[in-house]
Amino acid sequence: MMNCDWCNLSEEEKRYQLYESALWTVFLSDEQDYIGRCILALKRHCGSLAELTEEEWEELRRLVCKVETCLKTVLGAALCNWSCLMNSFYKGTDPDPHLHIHVRPRYDNAVTINGNNYPDSEFGHHYALNKSGSIPVEDKEEVFTRLKEWLDR
Ligand SMILES: [Zn+2]
């Protein structure tokens, strides 16, 4: 789609691409309110889960398993919160959403990156909406490198 941000990602926006399968792409999210938070984006322009093809569902199922196992193995996540929201597309008058899914790893123990501790103070509860997602760039790089190495292995 001509005007869709997700269909027209710049090289800069693909900087934190972690993994690519035939039909989906996985990015490390700009927001790291939960360390290792990622986005799974469908490569095809498609507006809802209900419109996925069988092949897209099957590949999504495999990716959910792969990404969850990665976040648990590499970062020690206890579980993952998955959400497909799409709300921001509907702020305008002519919504044309592009399917993407957020995954927030949740931690019963704090994650340590480069000596910095990141506790999940809401563990056992809904993820916080007002938590700061900004972490030092070297910590983001470290998370990216660790996850990518596992996903590429
Ligand atoms: Zn699109």
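**Note on the sheet, its helices and E51**

1. In this predicted model, 5 strands make up an open sheet whose order is β1-β2-β3-β5-β4, and the pairing between them is antiparallel. The edges are taken by β1 (17–20) and β4 (79–83), each of which has a single partner strand, so one side of each is left without a neighbour in the sheet. From one strand to the next, the twist averages 20°.

2. Within this sheet, strand β2, which covers residues 24–28, is joined to β3 by 5 bridges, and the two run antiparallel. For a reader who wishes to find this pairing in the structure, F27 is a useful place to look, as a residue that stands opposite I39 in β3.

3. Two helices should be considered together with the strands. Helix α1 lies across β2, β3, β4 and β5 (100–106), and runs at about 25° to β2. Helix α2, made of residues 137–152, lies across β1 and β2, and its direction is at about 15° to β1.

4. The remaining point concerns E51, which is placed in the loop between β3 (38–42) and α1 (54–75). Is E51 buried or exposed? With 11 other C-beta atoms within 10 Å, E51 is exposed, because a residue is counted as exposed if 12 or fewer such atoms lie within that distance. Although E51 and L99 are 48 residues apart along the chain, their C-alpha atoms are separated by 9.6 Å.

Notes. Residues are numbered from 1 along each chain as its sequence is written. This is a predicted model: local features need pLDDT of at least 70, side-chain atom pairs count only at pLDDT 80 or more; totals for chains, interfaces and linings use all residues. Helices (H or I, at least four residues) and strands (E, at least two) are DSSP runs, numbered from the N terminus. A residue is buried if 20 or more other C-beta atoms lie within 10 Å of its own, exposed if 12 or fewer, and partly exposed in between; C-beta atoms are placed from the backbone. Two strands pair if DSSP finds at least two bridges between them. Axes are lines fitted to C-alpha atoms, for helices over the stretch in contact, and angles run from 0 to 180 degrees between N-to-C directions. Two residues are in contact if their C-beta atoms, placed from the backbone, lie within 7 Å.
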